[in-house]
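Dear colleague,

I am passing on to you the structure that we talked about, with some notes to read beside it. Please look through it before you read on.

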Amino acid sequence: MAFKRNNNVIDSPINNFATLNPLFNGYGTSVFSNGNLYVAGDSSNWTDSVANFYVSSGKWYWEILPYDQYIAPGIADIAFVSGSSGHTGSNQITLYGSSGELDGDVSGTAATFDETNIIGFLLDMDSATRTLKYYKDNSLIGTVNLPTGYTQVTPIMHLSGSATTYTKLN
């Protein structure tokens, strides 16, 4: 008897969607739930989490619903190594919600955000100038050019150690 080949759900071995990777040995203690689409931090340390796969081409979009402004979402290069420097370390590009600062391998400001906002990311790995665009409630708030060494990237989420925080990803 042969197996039928049909996919009954849109997330399948043929069409995978990113979730956060609970196997990533990040800084601090992250707690995952809801199919690894929610991540909670720990009140004593910054925590960091990355998605479950890296991309080197294509155009990608994702959103987060932060619990508060003390988070720093963005992207991490495959060379990223988790550590105590948090969202300001190398091989990553992050936006800190409390101050609106762009950190990691870029600098500048975009806009602050908090639990009342939906933050969107548009990653373009196909254009000659590869970019990451940040959106706040569907309005563009910043664009950064990826450093030339960024060949494979994944979403990253840093959560502050100042309070137990969590974030929902889509």
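The notes below cover a hairpin, an arginine beside it and a pocket.

This is a predicted model, in which local features need pLDDT of at least 70 and side-chain atom pairs count only at pLDDT 80 or more, while totals for chains, interfaces and linings use all residues. Residues are numbered from 1 along each chain as its sequence is written, and side-chain values use heavy atoms, with hydrogens and water left out.

Strands here are DSSP runs (E, at least two residues) numbered from the N terminus, and two of them pair if DSSP finds at least two bridges between them. Strand E10 (residues 131–136) pairs with strand E11 (residues 139–145) in the antiparallel sense over six bridges, and Leu-132 stands opposite Val-144 in E11. Two residues lie between the strands of this hairpin, where Asp-137 takes a positive phi near 50°.

Arg-130 lies in the loop between strand E9 (119–124) and E10. Arg-130 counts as buried because its relative accessibility is 16%, where buried means under 20% relative accessible area with a 1.4 Å probe and protein chains only. Although Arg-130 and Thr-148 are 18 residues apart in sequence, they are 8.6 Å apart in space, C-alpha to C-alpha, and the side chain of Arg-130 reaches the backbone oxygen of Thr-148 at 3.5 Å.

As for the pocket, the residues lining the largest one divide into 13 nonpolar, four polar and no charged; Ala, Val, Leu, Ile, Met, Phe, Trp, Tyr, Cys and Pro count as nonpolar, Asp, Glu, Lys and Arg as charged, and the others, Gly among them, as polar. A pocket is an open set of points on a 1 Å grid over the protein atoms alone, where a 1.4 Å probe fits, with protein on both sides within 12 Å along at least five of seven lines, and lining residues have an atom within 4 Å of a point.

Best wishes

Terms used: Helices (H or I, at least four residues) and strands (E, at least two) are DSSP runs, numbered from the N terminus. Buried means under 20% relative accessible area, exposed over 50%, partly exposed in between (1.4 Å probe, protein chains only). A polar contact is a pair of N or O atoms within 3.5 Å; within protein, one must be able to donate a hydrogen and the other to accept it, and residues adjacent in sequence count only if both atoms are side-chain atoms.
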